[in-house]
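Good morning, and thank you for making time for this presentation. I would ask you to keep the sequence and the structure in view while I speak.

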Amino acid sequence: MGDIMKSSTEYLTFDTEQKIQFVMITDDVTKVVEDSRVKDGLVLVTPMHITAAVIVNDNEDGLHNDYLRVLEKLVPYNDKYEHNVAEDNAAAHIWRQFMGHQVVLPITNGKLDLGPWEQIFYCEFDGKRQKKVLVKVIGD
Amino acid sequence: MGDIMKSSTEYLTFDTEQKIQFVMITDDVTKVVEDSRVKDGLVLVTPMHITAAVIVNDNEDGLHNDYLRVLEKLVPYNDKYEHNVAEDNAAAHIWRQFMGHQVVLPITNGKLDLGPWEQIFYCEFDGKRQKKVLVKVIGD
Amino acid sequence: MGDIMKSSTEYLTFDTEQKIQFVMITDDVTKVVEDSRVKDGLVLVTPMHITAAVIVNDNEDGLHNDYLRVLEKLVPYNDKYEHNVAEDNAAAHIWRQFMGHQVVLPITNGKLDLGPWEQIFYCEFDGKRQKKVLVKVIGD
């Protein structure tokens with residue numbers, strides 16, 4: 001440990017078919033990490049949009065439905081919002097904050113250092129248009 | 001790609017006029033990033049207090065009101081809390097977790113690498129006293 | 001500022017006596033930071049499991065009870081969830097997202113650079129089994 005610093009940046013593009021959708025991106029992030037040749041460091045995975053989130057959780061459809069049911073119960077999409085004058089996506093802005101905007105993940109021995117059930121998801125809450133997720137690796 | 005590491009730290013100070021207030025700090029963070037001369041790296045923007053949050057979202061007052069209305073509905077400020085013996089700010093501690101404590105943002109080509117609508121906000125939930133936000137840049 | 005990059009990784013292990021429990025880990029993270037000899041940088045503190053969170057907030061039992069009471073009110077542990085077929089922990093997956101999955105903390109002058117009330121907690125929402133938290137330091 002004690003080496004020259006390296007960094008690497010990629011932009012993943014999404015154009016979801018549904019307005020609200022979870023997309024698993026663990027393999028995409030893994031590829032960016034491996035291509036970076038960083039042995040030890042951090043990778044930031046962050047949406048460049050404000051109605052989407054990047055989270056780490058379980059690859060289980062039932063759970064994803066539970067997330068959406070709870071969010072809809074607590075912050076209904078079609079409730080009245082001051083933001084919804086020209087737009088209808090205020091709830092999407094709020095959901096992304098409650099779910100957690102972004103993640104920073106560890107790289108150890110050249111690999112994403114995740115626990116057995118950790119999977120990375122892009123959570124789209126106002127889709128059907130092109131969005132980007134930035135993946136930036138720094139380390140040695 | 002492959003360089004000596006640099007780092008830089010600044011402390012932003014806030015003394016909000018209102019107890020609950022959103023303060024846009026994109027320009028402050030941009031200045032710290034530019035002054036650091038880091039070309040590629042990460043910047044952590046984190047409050048040094050536990051009743052405030054730093055988030056990235058829209059610069060739109062209606063949406064900020066929507067955030068506060070939803071937080072007040074779900075976690076009312078003047079509800080009964082065990083924490084509120086000598087203090088009255090339990091809800092502020094909870095709001096800050098729900099909104100997301102802090103952000104880590106990418107620096108690419110010497111600039112904050114944000115999407116078109118991403119703005120950085122200091123969210124004060126128990127203000128009218130001096131608070132600090134730490135901004136730390138690392139990269140090459 | 002402008003030095004060779006260093007990194008250091010430790011795994012903290014938890015086997016909580018209770019299913020739902022807050023464990024203060026500020027001292028553990030402090031030790032990893034000091035042992036790393038990094039003078040200026042970042043430390044990522046992240047659970048390797050998806051029903052736990054790492055947060056920064058107050059070391060006050062009343063407030064921790066308030067967090068749990070609010071989470072239980074908004075997302076009841078024993079409500080019906082699609083995820084709860086073979087398991088009963090869907091709410092734990094949701095609580096972890098609402099509370100904030102992980103933290104990244106600053107290191108300045110060789111020390112964790114925290115405000116006066118910031119303490120780091122491992123929040124277990126489905127315990128009584130072995131879990132790990134990864135602590136990774138990078139800096140110079």
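I begin at the rotation axis. Of the residues of chain B, Phe98(B) comes closest to that axis, with its C-alpha at 3.0 Å. The copies use different surfaces, for 17% of the contact residues of chain B recur in chain C. Please bear in mind that this is a predicted model.

Let me turn to the relation between the chains. A turn of 120° with a shift of 0.0 Å along the axis lays chain B on chain C, at an RMSD of 0.0 Å. Chain C can likewise be laid on chain A by a turn of 120° and a shift of 0.0 Å along the axis, with an RMSD of 0.0 Å. That is the relation of a three-fold axis. In chain C, the residue that comes closest to the rotation axis is Phe98(C), at 3.0 Å for the C-alpha. Only 17% of the interface residues of chain C are also interface residues in chain A, so the copies meet through different surfaces.

Next, the interfaces themselves. Between chain B and chain C, 30 residues of chain B are in contact with 33 residues of chain C. On the side of chain B that touches chain C, at least two residues each come from strand S1 (6–14), strand S3 (41–47), helix H3 (90–99) and strand S8 (131–139) of chain B. H3(B) gives the most to this side, with five residues. By class, the side of chain B that touches chain C divides into 15 nonpolar, 11 polar and four charged residues.

For the contact of chain C with chain A, 30 residues of chain C meet 33 residues of chain A. Here strand S1 (6–14), strand S3 (41–47), H3 and strand S8 (131–139) of chain C each give two or more residues to the side that touches chain A. The element that gives the most to this side is H3(C), with five residues. The residues on the side of chain C that touches chain A comprise 15 nonpolar, 11 polar and four charged.

Is helix H3 of chain C mostly covered or mostly exposed? H3(C), residues 90–99, is mostly covered, with 10 of its 10 residues buried. Among the buried residues are His93(C), Trp95(C), Arg96(C) and Gln97(C), as well as Phe98(C), the residue of chain C that comes closest to the axis. After H3(C) comes Gly100(C), which has a positive phi, near 105°.

I move now to the sheet in chain C. Five strands form an open sheet in the order S1-S8-S3-S5-S6, and the pairing is antiparallel. S1 and strand S6 (111–112) of chain C stand at the edges with a single partner strand each, so one side of each is left without a neighbour in the sheet. Strand S5 (residues 103–108) of chain C pairs with S6(C) in the antiparallel sense over two bridges, and Thr108(C) has Lys111(C) in S6(C) as its bridge partner. Across S1, S3, S5, S6 and S8 of chain C lies helix H1 (residues 26–36), running at about 155° to S1(C).

In chain B, I would draw your attention to strand S7. S7(B), residues 119–124, is mostly covered, with five of its six residues buried. Strand S2 (residues 21–24) of chain B is joined to S7(B) by four bridges, and the two run antiparallel. In that pairing, Val23(B) has Tyr122(B) as its bridge partner. Strand S4 (residues 52–57) of chain B also pairs with S7(B) in the antiparallel sense, over six bridges. There, Ala52(B) stands opposite Glu124(B).

Which residues have the most contacts inside the largest nonpolar core? They are Val43 and Val45 of chains A, B and C, in a core of 141 residues. Leaving aside neighbours within four places in sequence, Val45(B) is in contact with residues including Val29(B), Val54(B), Ile120(B) and Val135(B).

My final residue is Val56(A), which lies in strand S4 (residues 52–57) of chain A. Val56(A) counts as buried because it has 24 C-beta neighbours inside 10 Å. Not counting residues up to four places away in sequence, Val56(A) touches Val103(A), Glu118(A), Gln119(A) and Ile120(A), together with Ile50(C) and His101(C). Val56(A) and Tyr122(A) are 66 residues apart in sequence, and their C-alpha atoms are 9.0 Å apart in space.

Technical notes
Residues numbered from 1 in each chain as written. Chains lettered and ligands numbered in written order. Predicted model: local features only at pLDDT ≥ 70, side-chain atom pairs only at ≥ 80, totals over all residues. Buried ≥ 20, exposed ≤ 12 C-beta atoms within 10 Å, placed from the backbone. Least-squares fit on C-alpha atoms with pLDDT ≥ 70 in both. Contact = placed C-beta atoms within 7 Å. Nonpolar A, V, L, I, M, F, W, Y, C, P; charged D, E, K, R; others polar. Core = buried A, V, L, I, M, F, W, Y, C linked by C-beta atoms within 7 Å. Pairing = 2+ DSSP bridges. Axes fitted to C-alpha atoms, helices over the stretch in contact; angles between N-to-C directions.
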